[in-house]
There are 2 protein chains.
Amino acid sequence: MPTAEPLPPPPWVRGANKSGRRQLSLEAILESAMRILESEGLDAVTMRRVAQDMGTAAGSLYAHVRNKAELHELLLDAALAPVHVPEPDPARWRDQLLELLTGTARAMVAKPGIARVSMETAIPTTPNALRLMDGVLALLDAGGIPPREALAAADVLALHLTAAAYEMSVGGTPDAAAEELQRRTSQITQYLELLPPDRLSHLRAAQNLFETEEEADVDGLRLGLEMLLDGLRARSR
Amino acid sequence: MPTAEPLPPPPWVRGANKSGRRQLSLEAILESAMRILESEGLDAVTMRRVAQDMGTAAGSLYAHVRNKAELHELLLDAALAPVHVPEPDPARWRDQLLELLTGTARAMVAKPGIARVSMETAIPTTPNALRLMDGVLALLDAGGIPPREALAAADVLALHLTAAAYEMSVGGTPDAAAEELQRRTSQITQYLELLPPDRLSHLRAAQNLFETEEEADVDGLRLGLEMLLDGLRARSR
DNA sequence: TTTATTCACAAACAGTGTTCGCGTCAAGTA
DNA sequence: TACTTGACGCGAACACTGTTTGTGAATAAA
């Protein structure tokens, strides 16, 4: 007995499990994983880290989860759970759609790095993702968009939404991201100063407003979504 | 001498390097890395794999490249090199812009997995990426879009472009991706059959056209881009 | 009480990125 | 031509990763 073995949990925690054996369950695993996700980001949600948090070994999780990918996907689904899908009102379907989409983006950004999961999974399969997709289609239908175009538009909207949410949450912690962004912009400035002044002139001009702009965040998402919706209207007319 | 040591390369290869010592250079590293990228995908471009391909050790690469991330970014830049930026013609700026963007997407999709690099880097800094960005801004300027909006629009367009290119190249090899997609769609069908028939009704309706649709690929990108450009026009009016 | 089965566990495997001394080799200097 | 010096390729090591598999114990059924 070289090291102090971890004490077993007292039998009265978690409601005196009917079977004293298994303290492992998908629900408990997701709780642990979500806790780690919120405090340390997606990259910290590894099989070993989750297992350690539950006082067990990594291999034990594979009885409840097929993959690390599946675990991450379940986390995404949990993150999407609080998003509310409105009852379609044909009079204000456009605002409802915008609200649904920005709400989804907010829910994703709230859990650091979870947008990457959405980006990595080809087409989402989990219940909440399907629920949101159905909500988007319902609102497009309420807006009188024919089903064929609605499907294509929903695809484009979902893609843009996911990409924007992902872009908002790069680099894990916000301060690291800010630092990285600072490094990048200064790199660009250096490179532009190195070049002859007539090259990349439009980028130079943009560089100036770039400093004063900032505050992209959720506004950048809104702009893209509104462009898409305006484009959809212009296109279906 | 437990194992046969690898033979040193004959001195006449690669033009009898002025310094017989260093067969390592950033250029040679990128050549090797690009070869591996094209034949085995981005995930195979690891420091060890590239080093092995050059007959050296992983640690040696760090004299020429700061990171694996930097190596990947340089590969992205190389992949973007052949994209041609047209001279802006105010009469057909919209078509030119569409061509530039789809061309960029094509260049990305051509190298398996390289779009992921573009997605992962917050804002690109490499020369070719800046060159393309400048080209987009130039075309928007030729179209009479005011600089402020042009910058925002270019951001949105680049985001959409990257996301679409990334979505086109998930799963590495195309057959694995197709298999995964098959698995996903059948999962959705199963889930829908399990639910009461009045739930997720719009998704059910879409499921039917989903089978007949397909052929998204580059058309899906065009649709999104055209929606965005139409939206831009509707918005600036 | 005995049997049977489930299932958590630990170890092992094959990888990963990155760091750091150690020598060796090439170039510059006297 | 001989010597010094500094660059830099090299290999080993560290701390991780996801996943598989044989083992053994604890529970539920008979």
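Is Leu200(A) buried or exposed? With 23 C-beta neighbours inside 10 Å, Leu200(A) counts as buried, because the cut-off for that label is 20 or more. This comes from a predicted model, and Leu200(A) is a handy place to start looking around. Leu200(A) sits in the loop between α8 (174-194) and α9 (201-213) of chain A. Its backbone is a bit of an oddity: phi is near 50°, a positive value in a residue other than glycine. Over in chain B the story repeats. Leu200(B) also lies in the loop between α8 and α9, this time of chain B, and has a positive phi of about 50° although it is not a glycine. Leu200(B) counts as buried as well, with 23 C-beta neighbours inside 10 Å.

Stepping back to the fold, chain A has ten helices and zero strands. Read along the sequence, the pattern is simply α-α-α-α-α-α-α-α-α-α. Of the 237 residues in chain A, 35% are buried. As for contacts in chain A with a separation of 6 or more, 69% of them link residues 24 or more positions apart.

Helix α1 of chain A (residues 26-40) makes a neat example of how a helix is placed here. At 1.5 Å a residue, its 15 residues should span 21 Å, and the end C-alpha atoms are indeed 21 Å apart, so expectation and model agree. Its buried residues are Ile29(A), Ser32(A), Ala33(A) and Leu37(A). Seen down the axis of α1(A), these buried residues fall within an arc of 140°, so they line one face of the helix. The face turned away from that buried side carries the exposed residues Glu27(A) and Ser39(A). And what covers the buried residues? The cover includes α2 (47-53), α3 (68-80) and α5 (114-120) of chain A. Just after α1(A) comes Gly41(A), which takes a positive phi of about 90°.

Helix α6 of chain B gives another view. The 16 residues of α6(B) should span 22 Å at 1.5 Å a residue, and its end C-alpha atoms are 22 Å apart, which agrees. The buried residues of α6(B) include Ala129(B), Leu130(B), Leu132(B) and Met133(B). Also buried in α6(B) is the run Asp134(B), Gly135(B), Val136(B), Leu137(B), Ala138(B), Leu139(B) and Leu140(B). Just after the helix, Gly144(B) takes a positive phi of about 80°.

One of those α6(B) residues, Val136(B), turns up again in the largest nonpolar core. That core has 115 residues, and those with the most contacts inside it are Val136(A), Val136(B), Ala154(B) and Leu157(B). The helix that gives the most to this core is α7(B), with 14 residues. Leaving aside residues up to four places away in sequence, Val136(B) touches Leu97(B), Leu100(B), Ala154(B) and Leu157(B).

Away from the core, Ala91(B) sits in the loop between α3 (68-80) and α4 (93-110) of chain B. Ala91(B) is exposed, because it has 9 other C-beta atoms within 10 Å and the exposed class takes 12 or fewer. Ala91(B) and Gly143(B) are 52 residues apart in sequence, yet the C-alpha to C-alpha distance is 8.3 Å.

Next, the meeting of the two chains. The contact takes 48 residues from chain B and 48 residues from chain A. On the side of chain B that touches chain A, the elements giving two or more residues are α6 (127-142), α7 (147-168), α8 (174-194), α9 (201-213) and α10 (217-236) of chain B. The residues on that side of chain B divide into 29 nonpolar, eight polar and eleven charged.

How are the copies related? Chain B can be laid on chain A with an RMSD of 0.1 Å by a turn of 180° and a shift of 0.0 Å along the axis. The two copies are therefore related as by a two-fold rotation axis. The same surface serves both copies, as 100% of the contact residues of chain B recur in chain A. Which residue of chain B comes closest to the rotation axis? That is Gly231(B), with its C-alpha at 1.9 Å.

Key: Residues are numbered from 1 along each chain as its sequence is written. Chains are lettered from A and ligands numbered from 1 in the order in which they are written. This is a predicted model: local features need pLDDT of at least 70, side-chain atom pairs count only at pLDDT 80 or more; totals for chains, interfaces and linings use all residues. Helices (H or I, at least four residues) and strands (E, at least two) are DSSP runs, numbered from the N terminus. Two residues are in contact if their C-beta atoms, placed from the backbone, lie within 7 Å. Ala, Val, Leu, Ile, Met, Phe, Trp, Tyr, Cys and Pro count as nonpolar, Asp, Glu, Lys and Arg as charged, and the others, Gly among them, as polar. Copies are superposed by least squares on the C-alpha atoms of residues with pLDDT of at least 70 in both. The expected span of a helix is 1.5 Å times one less than its number of residues. The arc is that of the directions from the helix axis to the C-beta atoms. A nonpolar core is a set of buried Ala, Val, Leu, Ile, Met, Phe, Trp, Tyr and Cys residues joined through C-beta atoms within 7 Å.
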